[in-house]
Amino acid sequence: KKRPLIFILENVKGLTTMENGEYLQAILSQLKAIGNGEYIIHHSLLNTRDHGLPQNRERWYCVGIHLTCNVSDFVFPEALNTVPLLSSFLDKSLPSETIPDSSKMVKNNIKKACRRIRSKGRDPDKECFAISADMSPDRSNFMFEMCPCITCVQSKGHWITSLGRRLSVREMMMLQGMNPDKVKKCSTLSENQFKKQIGNAMSVNVLERLFINIFHSTQVIKA
């Protein structure tokens, strides 16, 4: 069987606490057992918002490096000091939307969030708040100039209060670190299916910083 020099795995944060951590330990044990210990395994929680994009997406990342890579000092990338504003990723020229009457939960979540925002002396019509409107009422939340986690379940796009609409496909891609002009969507894939794939993807900015640290600490790419 082929053994890659490097592999990167990603999963939701909840994986680390399932069954009081026993599930994670079982996974790590299996990874460390590959080829009788051919890989050095590193794992950590990383948040997309700490690595250059305004999306609150905390995920478990696991890096496996083959012993032949002569790994020396791999470390996970440290959090950046600044985070760009969500509004800088948004297209102000797109029209506002109307939530259909059939989506009562979504409407109520948006109204409830806007009331809470106004109760804090803020103006959701003028300030950029993102609402996870498709979540159940007890889990729906909002963030200022920060996008809640983009997921497969919330593939319709979070609601942007200052623009009166959901995130577009292009905006969702950019908030995952993708260049919309260089990613081609399969012609048979619906827009909703494509959004779900975006929600299931790894954040490209995090992957980029991981690979930089991997390459610096190994001889995978020789100078």
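**Two sheets and a charged patch**

Let's start with a small detail: strand S8, residues 159-160, is joined to S9 by two bridges, and the two strands run antiparallel. Take Trp159 as the example. Its bridge partner in S9 is Arg166. Keep in mind that this is a predicted model.

Now zoom out a little. Which sheet do these strands belong to? S8 and S9 sit in an open sheet of four strands, in the order S6-S5-S8-S9, with antiparallel pairing. At the edges stand strand S6 (142-144) and strand S9 (165-166). Each has a single partner strand, so one side of each is left without a neighbour in the sheet. A quick reminder for anyone new to sheets. Strands of a sheet pair through backbone hydrogen bonds, either parallel or antiparallel.

Next, the whole protein. It has five helices and nine strands. Read along the sequence, the pattern is β-α-β-β-β-α-β-β-β-β-β-α-α-α. The C-alpha trace spans about 60 × 40 × 40 Å along its principal axes.

On to another sheet. This one is open and has three strands. The order is S1-S4-S2, and the pairing is antiparallel. Which strands are at the edges? They are strand S1 (6-12) and strand S2 (39-47), and each pairs on one side only. How far are neighbouring strands of this sheet turned against each other? The average is 20°, with direction ignored.

Look closer at S1 and strand S4, residues 58-66. Seven bridges join them, and they run antiparallel. One residue to find on screen is Val12. Its bridge partner in S4 is Arg59.

Stay with Arg59, please. What does Arg59 form with Glu10? A salt bridge, with the closest N and O atoms 3.8 Å apart. Why does this pair deserve a look? Arg59 lies in strand S4 and Glu10 in strand S1, so the pair ties together parts that are 49 residues apart in sequence. The general idea is simple. Side chains of opposite charge can pair when their charged atoms come close. How many salt bridges are there? The count comes to nine.

Last stop: the surface. Which residues gather in a patch of positive charge there? Lys111, Lys112, Arg115, Arg116 and Lys120. One of them, Lys111, lies in helix H2, which covers residues 104-119.

To recap. We saw a four-stranded open sheet and a three-stranded open sheet. We saw Arg59 in a salt bridge with Glu10. And we ended on a patch of positive charge on the surface. That's my tour.

Notes:
Residues numbered from 1 in each chain as written. Predicted model: local features only at pLDDT ≥ 70, side-chain atom pairs only at ≥ 80, totals over all residues. Heavy atoms only, no water. Patch = residues over 30% accessible without salt bridge, like charges linked within 9 Å, V, L, I, M, F, W, Y side chains within 5 Å. Areas by Shrake-Rupley, 256 points an atom, 1.4 Å probe, with all protein chains shown as cover. Salt bridge = Lys/Arg side-chain N within 4 Å of Asp/Glu carboxyl O. Lys, Arg positive; Asp, Glu negative; His and termini not counted. Charge placed at Lys NZ, Arg CZ, Asp CG, Glu CD. Pairing = 2+ DSSP bridges. Axes fitted to C-alpha atoms, helices over the stretch in contact; angles between N-to-C directions.
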